[in-house]
Amino acid sequence: MATSREANLANFRLMVARDPRYQFGLRLREWTFEETLATMARLCGVNPDPAHVHGVDTIDPDRTIDALDAMAERIAHAARHRSTVLFATGHPATLMGVYRAVADKLLAAGCTIPTPAENWSYASSTDGLKYREITYTSGVAALVSKAGEYRHTHDPQPMQAILTELRGTGTWPALVMADHGWAGAAGEAGIETVGFADCNDPALFVGQAEGKIAVTVPLDDGISPTHYRPLIAYLLARAGLAD
């Protein structure tokens, strides 16, 4: 874990202050810093001591495995029922392979993987009003720049646009697998949502504590994609979708 304690505590305070960049589209109740730290310690494994303010922070691997097991249960249920499942990531440079692996297996199992609002665009207020557009890669939504390059985002607006289009088609996802604002907006819309979050992004963990997010898997979301291969193998095996 390379995430600093200073960054974690700063982001917890930003969420508590209701900074939209750290709400991820969730309409959360008012949280205190102390409640947020305690929830992050319970669900993610960060150090619970408020006096620990410098150095590195931690993600508990046992909590990651437990959350992966809970995520796998939802994925397996979707596969058995050939459900409609929506995929999206705000970390396409690092996590895209995780989502694509699950999407490919669910598609092969007979699930519907919709791709609504493709090419929908907006000026991201949390990214300097820069142009962003929804694109899909193997059924996984992400944002790209005007030049077509993947972009990181915390914004909920793209998922909100996707759900607006889906409402007009009569198709509604039984499950969303996502992160950041993609996950927050889906959970706020009342969809069963599972996703990933780093220890410096408390909103989805807090959303889980409020019952708006079904499962939040704690993990470092910014490492080389090759390092997620064991996670992919474990998740697919636990969901009964391994080769």
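These questions and answers cover the largest pocket and helix 1 of a predicted model.

Colleague: How much space lies in the largest pocket?
Modeller: The lining includes Gly25, Arg27 and Gln160. Leu163, Thr164 and Arg167 are also among the lining residues, as are Ala185, Glu188 and Ala189. The space in this pocket is about 160 Å³.

Colleague: Which helix gives the most to the lining of the largest pocket?
Modeller: Helix 5 (157-169) and helix 6 (180-188) each supply at least two lining residues. One of them gives four residues, the most. That is helix 5.

Colleague: How do the residues of that lining divide into nonpolar, polar and charged?
Modeller: Arg27, Arg167 and Glu188 are in the lining, and Asp, Glu, Lys and Arg count as charged. Gly25 is in the lining too, and Gly counts as polar. The split is three nonpolar, three polar and three charged.

Colleague: What does helix 1 reach from its first C-alpha to its last?
Modeller: Helix 1 covers residues 5-16, twelve residues. At 1.5 Å a residue, 16 Å is expected. The model comes close to that, at 17 Å.

Colleague: Why are the buried residues of helix 1 on the same side?
Modeller: The buried residues are Arg5, Asn8, Leu9, Asn11, Phe12 and Met15. They lie on the same side of helix 1 because they cover an arc around the axis of only 165 degrees.

Colleague: Which helices are included in what covers the buried residues of helix 1?
Modeller: Phe12 and Met15 are among the residues to be covered. The cover includes two helices. They are helix 2 (33-43) and helix 7 (203-209).

Colleague: Which residue takes a positive phi just after helix 1?
Modeller: Helix 1 spans residues 5-16. Just after it, a phi of about 65 degrees appears. The residue is arginine 18.

Notes: Residues are numbered from 1 along each chain as its sequence is written. This is a predicted model: local features need pLDDT of at least 70, side-chain atom pairs count only at pLDDT 80 or more; totals for chains, interfaces and linings use all residues. Side-chain values use heavy atoms; hydrogens and water are left out. On a 1 Å grid over the protein atoms alone, a cavity is a set of points where a 1.4 Å probe fits but cannot get out, and a pocket is an open set with protein on both sides within 12 Å along at least five of seven lines; lining residues have an atom within 4 Å of a point. Grid points are joined across faces, edges and corners, and a volume is the space filled by probe spheres set on the points. The expected span of a helix is 1.5 Å times one less than its number of residues. Buried means under 20% relative accessible area, exposed over 50%, partly exposed in between (1.4 Å probe, protein chains only). The arc is that of the directions from the helix axis to the C-beta atoms. Contact means heavy atoms within 4.5 Å.
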